[in-house]
Amino acid sequence: MEENKLIEILDVSKDYNGHPALQNVSMHVRCGEIVGLVGENGAGKSTLLKIIMGVEALSGGSMLIRGEPYRPQSPREANTKGVGMVFQEQSLITNLTVGQNIFFGEEKYFSRFGIVNYKEMYEEAEQALCAVDVTNISPRKYVRNINFAARQMVEIAKVVNQANGCKHDNAVVLLDEPTSVLNDAEVEQLFVQMRKLAASGHAVIFVSHRLDEVLRITERIYVFKDAKNAGEFVTADTTETMLYNAMVGHSTTSEYYYTDLQRDPAEETVLEVKELSLFGLFKDVSFQLRKGEILGFCGVIGSGKEELCYALCGDLKPTAGQICLKGSPVNLRSPAVARRTGILMIPQERNIEGVIGKLSINDNINASNLQKLSKFGILSLKKLAVQAQDWIERLRIKATSGKEAVEQLSGGNMQKVVFARMLASECDVVLLNHPTRGVDVGAKNEIYRLIREMAQAGRSIILLGDTLDECIEMSNRVLVMMDGKIAGEFDAPVGHKPGNLDVIQCMM
């Protein structure tokens, strides 16, 4: 079986300005095998995939593909060797159509005398989508007009099409957190495609922070910790606890959600929503949020909870109803107005809405708090640096310095920068829209601690959880939405949390 190795990573290292992102890591994947790669954010998983894909250059070590030396200088070169990747932060071009994205860089195959035959391209794109059982997305539709989960399926269709069409018999498919925005049905659909790829002889490297998924779909699992190999496991003989121990150095406990830090909220009502409606999305939504309360919202995709969240932060304009903050009606015309009023959201798509990747960590942390760091309109650079460094230390953001560009950070550390910006803003009401999306169990644990500390400090929090367990365990109270309306309400005190089945029955 050893002679079937399709790709080999041999003592690969990567440094960024003297900071090690990978240290002598080794792994291999055989033809027809699905291998998992797990580890805390910052452990080096995405860095390794980018090196394999030709996005980053390795600093040491070597790679082999089909037994031959492999060192791609670009993603295009990697494609010619039969390597494709679904990136954690999506790589689609939003002002192009689905079909144009699937065949981006391959237009010459549909061109004659310099004119692209788009009819032929869209027909091929439709076949590529059907090959991964996606029949509800038109290849002529612009990517900006489809949701995040649909974009992920387009990315997967693009990579699968590359794998099936490469001139080599077997391809290497890299999946970096592909399930982070997919619902259960979409995850199962993805797993069907992964098994098809493996059955065709292709090799799949699957990175996910959801350990249960990794255990379901893989044959072997590699664990990275602190930029190094921390173990190799045969999936059939492995448990979540074993992986967690290897990743973070200690076992998970019943206090994973810090329920011992949950406190009863104060009597003071900070936010009141009265019969709020947005035509076609949600209707007659009413609730109160008290000081220091964590209020969880549950519901399937399309239930209206995400749209409600965007209305509360000024991104969508309600068609009826009223929002009151500390007893006074407010008109949240934009996110900037909402922030000045005292409401701020941590968005689901952190790389698009949460941070400015080209700017430094310092600039991102201070972005929502500039007025407090200036005098007569002049910013104090010293205050900017001091405040940012304080949050970097308090949130344990792993970086070489506050001057490092945010786009260089791992997903978990990038999310911490978003939290730091929100905490620095000192807003009274915080909307957490899937705050742990795409981060590993260790980073999740730290984010849960931050949420508890925010509530203890008197912040009022609306939480749209990444999972049902997260929403229930973290909340003082849970509201369930279905078809744009509140369908149920549950108190969630420590020791008397509602059952998943009770909540699900309201969701359906």
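# Strand pairing, helix packing and cores in a predicted model

Q: What makes E13 and E14 a pair of strands?
A: Strand E13 (residues 269–278) and E14 pair in the antiparallel sense over six bridges, and two strands count as paired if DSSP finds at least two bridges between them, so the requirement is met. Within this pair, Val273 stands opposite Phe287 in E14. The names come from DSSP runs numbered from the N terminus, with helices being H or I of at least four residues and strands being E of at least two.

The model is predicted, so that local features need pLDDT of at least 70 and side-chain atom pairs count only at pLDDT 80 or more, while totals for chains, interfaces and linings use all residues. Residues are numbered from 1 along each chain as its sequence is written, and side-chain values use heavy atoms, leaving out hydrogens and water.

Q: Why are E14 and E17 called edge strands?
A: The open sheet has four strands in the order E14-E13-E16-E17, with antiparallel pairing, and strand E14 (282–290) and strand E17 (328–329) each pair on one side only. Helix H9 packs on this sheet, where it touches E13, E14 and strand E16 (320–325), and its direction makes about 65° with that of E14; contact here means heavy atoms within 4.5 Å.

Q: Why is H9 described as largely enclosed by the rest of the structure?
A: Seven of the eight residues of helix H9 (residues 305–312) are buried, so the description follows, given that buried means under 20% relative accessible area, exposed over 50% and partly exposed in between (1.4 Å probe, protein chains only). The buried residues are Lys305, Glu306, Leu308, Cys309, Tyr310, Ala311 and Leu312. After H9 comes Gly314, whose phi is positive, near 90°.

Q: Why is H5 called roughly parallel to H6?
A: Helix H5 (residues 148–165) and helix H6 (residues 184–199) pack at an angle of about 5°, with their axes 12 Å apart. That angle makes H5 roughly parallel to H6, because angles under 35 degrees count as roughly parallel, over 145 as roughly antiparallel, 65 to 115 as roughly perpendicular and the rest as oblique. The axes are lines fitted to C-alpha atoms, for helices over the stretch in contact, and angles run from 0 to 180 degrees between N-to-C directions.

Q: Which residues make the contact between H5 and H6?
A: H5 contributes Ala149, Met153, Ile156, Val160, Ala163 and Asn164, and H6 contributes Glu186, Gln189, Leu190 and Leu197.

Q: What makes a set of residues the largest nonpolar core here?
A: A nonpolar core is a set of buried Ala, Val, Leu, Ile, Met, Phe, Trp, Tyr and Cys residues joined through side-chain atoms within 4.5 Å, and the largest has 47 residues, with Val98, Ile102, Val154, Met194 and Phe206 having the most contacts inside it. Helix H5 gives the most to this core, with nine residues. Apart from that core lies another, of 35 residues, among them Ile294, Ala388, Met422 and Cys427.

Q: What makes both faces of E6 covered?
A: Val83 and Met85 on one side of E6 and Gly84 and Val86 on the other are all buried. E6 and E9 pair in the parallel sense over four bridges, and Met85 stands opposite Leu174 in E9. Both strands belong to an open sheet of six in the order E6-E9-E10-E3-E11-E12, with mixed pairing.
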